[in-house]
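Colleague: Got a minute to walk me through this one? I'd like to get a feel for the fold and the ring contacts.

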Amino acid sequence: MDRRGWLALGALLLVIGVLPVGLSCGGLARFGGEAAMSPAPAMEAKDAAGEASDSEVTTWKRSTLSPNTSRLRVGDDTDLPLRSLKASARIDGFRARVVIDFLFENDRGGDLEGTFQVRLPDEASPYFFAFGEHVLQAAGTAGLVLASGEAASDSEPRSLMAERAEAWRGPKEARIVPRETAALAYTETTRRRVDPALMEWAGGGVFNARVYPIAAKKLHRIVIGYDVDLVRAGKDAELLLELPEVGNASVDVSVAEHALAGLEVVPEREGRSAGGRKHFRFEDAEARSVRVRITPATGLVLTGKEETGSYFATRFVPALPANPAAAGTPEAVFLVDTSLSENPDKYNVSLKLLRAILDENRATLQRFAVMFFNVEQVWFRPEWVANTPENVETLLQFAGRLPLEGATDLGAALHAVTASALVAGGPTPRDLFLLADGNATWGESEPYALSRALERAPHLTLFAYRTGMPGSDTKTLSHLARQSGGAVFSVVGAAEVAAAATAHRSRPWRIERIEAAGTSDVLLAGRPTAIYPGQALTLGGRGAPTGKVWLDVEQGGKRQRVEVPTGRTVDSPLAPRVYGQLAVDQLEELTPATTRVAIAYATQFRVTGKTCSLLMLESEEDYRRHRIEPAAPLIATETVSALIERVLDKTRRALGDPKESFFAFITELEQGAQNKTALPPALVRALRARPASEFEVRVPPLKTRLRERAQLGAALAAELSRQEPSYKVVTAEAERRLSLGPDDALKALSSLVEAAPGDGVLARDVGYSALAWKRGGQAYHLFRRVARARPYEPQSYRAMADALTELGKTDLAMAYLELGYVGQWDARFGDFRQIIAMDYLRLLRRIARGELTTSVPEYARWRLGTLADAVALSSADLVVMITWNTDNTDVDLHVIEPTGEDCHYANRTTRIGGRLSQDVTQGYGPEMYVLERARSGRYRVEANYFASDAGRLGVRTKVHVTVIENYGTPRERVTQKLVSLAEGKERHAIVTVER
């Protein structure tokens, strides 16, 4: 059997009882318990002096974004100053626990709400978050240093709170809470002006934490704790602590000595030994960058106990028999990410890999094709290119001219490649090299939905690369590789590039099973079906190995039993969380089928991610108000590995299916704790009969004209290179690019989304711009992300329906309008039900007139009749609707009629018949003006920024305005406008309508 056969076979088979989440068959093990492939010994990198030693394998130098980068933002472009920080790291073998105290000062005159954003190392897992006012004052420093006596002795939550008790006023520790419940509780609590905080996963190693109140002229401490795997560099392992620049800083490092065969720290320190651990301390400038490099003891196993039992974890490289490398495919496709998050460090590494793969495989890789992508896709040449040195140089010159900006639409790029004439339809095996961080911030983001594109081209095998740089979504990379029979290779420094360039030519071994006496529920990170020589794997489970651990593998009918080296054990509190993170990651990959169990495990092991967030409220009463009770210890009635295998057997064909995904979301809404809403059974039955293709929302590709880095303005280019695009500069650039077309303008705005993934305010802001510019496909996915995160805010369903109508997805538009209409929403949303009913009625009348088509005509006719009776408005000369993107914000609609009378919240009914809906004072809208019989003359539409969230500075509100003339008639005309409001009491003219 050739290499293709092995890869295809590996992709089809499951590991028996070894099923952790979303990692590739070539896995990874650099952070977060993921399996990592380093080059096999026979293929390790060489330089001019010969074979590189482990000590020469150094990690990439980063010139811009670093792990632990943080800021406390209180407006679109306003940050509070960081005055001091203290970090401590506990290293037990391959795993580390890091706790960082950040001390910020509110140097402003009022209480504020802030967004604390921290970018953690690749695959770090936060477990602790606390916030409070700092009260310790040190002589001569105005309290800008942390307490010197605070020890790094214990990193468990209870101890962390106790150690800081004297330095805080009313400190609060966050609890792990289901994500939707946490977001709703935070939103409602801040409206009451009390003290909540919320930390949410935003993807790509970014965690956003909203905190309130930040008292005026006070110091505030934010403490975050996370676990992370050390980066493998050859046979060594490394923890690099890079911290923000600040005047007062300190770092304490504690390393388990009996877990080591070697140890090096930079800056150099002697350290002191105590209690079986080596302790190091770094102050001020030296603390900016601390590197700890260890050679782990052979066969090291971490073991630990907590209230639910005993757990173990180990990382190892299987001693697989050597096999001659395969030749590789004669043709290969490269997908190269050019989004903002690649600028410039990751992109430079991608280009090194691109060159190395083409150069090192020139004897067998004869032709190549390269697509560069962000929110659009650009071919180097839309044809196969001969792999000659001259063509490679031309390619790299082309790549060097591309601007690195915008968000990452990985789904659109995968679809464009698999649907292209170059690779579609043929059975010829080809390699697909994905040079990207895998963090899909635009368009589709669910792993199984992404990998469905690869199913259309089963002859493609995807290979990706793990660089160890922050901001990567290794789970997605690994999932895509696993589903296509490929692998994710580790390349954490220049010395590994040459070996990584040919690592894809190895023949994989199929995993049959793992045996570990004394253990149960054994989870192998990545759920790999096959492994490659040189691959490092992370293994976790319940109990502790009492004998040898065996890995059974098979290749070409040849079976091999490989002993997993186990020897020295280290008692560590980190072991249970390795298992917990593997379990949660694995369960979250298969949500919603496993959501309930994923939440239980995330709560028990304090894992922040897709299903759970860290939430702190003011009191126990506040928790009870939102039905948040302390979690009972987890009692596992079924092992995670068995549950995953059962779910896969039952739902394998439905994974990533757009129709099943839609109905799963509907079920979640029906079963939600808040604002329960359900589609009428008749509509559900009609939609169930439709094919899956009708539920897939394919985003029309953007086609921009600005494609040269030299065309960027100097101010924008500087901000992009720092990955800190300011709202003011980017929106001004978008306005400038409108002269080139909406696609260029939208690409500029997408950089804001890339820089702040998970920010619902920005997603709505950019989404409304996309709607106004008739880019419904782009808008739909932005609002879909908001709806998934905040299903209790109905405005998203209305916006998605607008986008879907533009795309011709009438049935889906009806479904989302139906959700908004039948739902029971919070009273703060005003007359939302009446306004969405008018939207829905308008859509149904267009169907009745034949302007739109539907596959559920009977239901459309029935609903048309019921809505016509409910709305009791057959037509209107003028309808004006506004909605906006910020919560806790009061925007008022004003319509000045030809008589001079101003229809607004204090004058809702005018002499000529104008009517205004209920005033919405707490965010989002909508508000609506209706005039059935208009007088001739001029109608001026204006928006007044009456009151913004007093707790945030300089927050711009984007108002989306829809003006409908001749509503309900064949002569209906719709105009959409956008306006940005930046200052309170600001009144802005929007549009003038002549009748």
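What follows is a short back-and-forth on this predicted model.

Colleague: Let's start broad: how many helices and strands are there in the chain?

Modeller: The chain has 995 residues, and 63% of them count as buried. Among contacts with a separation of 6 or more, 78% are between residues 24 or more positions apart. As for the elements, the tally is 24 helices and 47 strands.

Colleague: And what share of the exposed area do carbon and sulfur atoms supply?

Modeller: Start from the total, which is about 35,000 Å² for the chain. The carbon and sulfur part of that comes to 49%.

Colleague: Zooming in on α22, is this helix largely enclosed or not, and why?

Modeller: α22 covers residues 810-822, and its 13 residues reach 18 Å from first C-alpha to last, close to the 18 Å expected. The buried residues include Leu 812, Met 814, Tyr 816 and Leu 819, and also Asp 811 and Glu 818. Because twelve of the 13 residues are buried, the rest of the structure leaves α22 largely enclosed.

Colleague: Which helices do the buried residues of α22 pack against?

Modeller: Packing here is about contacts, with heavy atoms within 4.5 Å. Going along the chain, the partners of the buried α22 residues are α14 (658-671), α15 (681-688), α20 (776-789), α21 (795-807), α23 (832-848) and α24 (857-871).

Colleague: Now the rings. How do Phe 463 and Phe 489 pair, stacked or edge-to-face?

Modeller: A search of the whole structure turns up 26 aromatic pairs. In the pair Phe 463 and Phe 489, the ring centres are 5.8 Å apart and the planes are at 20°; planes under 30 degrees apart count as stacked, so this pair is stacked. Phe 463 is in β29 and Phe 489 in β30, so the contact ties together parts 26 residues apart in sequence. Both rings belong to buried residues, and the geometry asked for is stacked.

Colleague: What angle lies between the planes of Phe 662 and Phe 663?

Modeller: Phe 662 counts as buried because its relative accessibility is 5%, and Phe 663 is buried at 5% too. Their rings sit 5.2 Å centre to centre in an edge-to-face pair, with the planes at 80°.

Colleague: Which charged residue lies over the face of Phe 663?

Modeller: Phe 663 belongs to an aromatic cluster whose members include Phe 662, Tyr 780, Tyr 816 and Trp 825. The charge is 3.9 Å from the ring centre of Phe 663, and it comes from Arg 688.

Colleague: Which ring has the charged end of Arg 97 over it?

Modeller: The distance from the charged end of Arg 97 to the ring centre is 4.2 Å. The ring is that of Tyr 127.

Colleague: On to the sheets: what is the bridge partner of Val 879 in β45?

Modeller: There's an open sheet of five strands, ordered β42-β43-β39-β45-β46 with antiparallel pairing. Its edge strands, β42 (915-916) and β46 (973-981), each pair on one side only. Inside that order, eight bridges join β39 (residues 876-884) to β45 (residues 957-967). Across from Val 879, the partner is Ile 964.

Colleague: Last one: which residue in β34 stands opposite Ser 520?

Modeller: Five of the six residues of β32 (residues 519-524) are buried, so this strand is largely enclosed by the rest of the structure. β32 pairs with β34 (residues 535-543) in the antiparallel sense over four bridges. Opposite Ser 520 you'll find Arg 542.

Conventions
Residues numbered from 1 in each chain as written. Predicted model: local features only at pLDDT ≥ 70, side-chain atom pairs only at ≥ 80, totals over all residues. Heavy atoms only, no water. Helix = DSSP H or I, 4+ residues; strand = E, 2+ residues; numbered from the N terminus. Expected span 1.5 Å × (residues − 1). Buried < 20%, exposed > 50% of the residue type's maximum accessible area, 1.4 Å probe, protein only. Areas by Shrake-Rupley, 256 points an atom, 1.4 Å probe, with all protein chains shown as cover. Pairing = 2+ DSSP bridges. Phe/Tyr/Trp six-rings, centres within 6.5 Å; stacked < 30°, edge-to-face > 60°. Lys NZ or Arg CZ within 6 Å of the ring centre and 35° of its normal.
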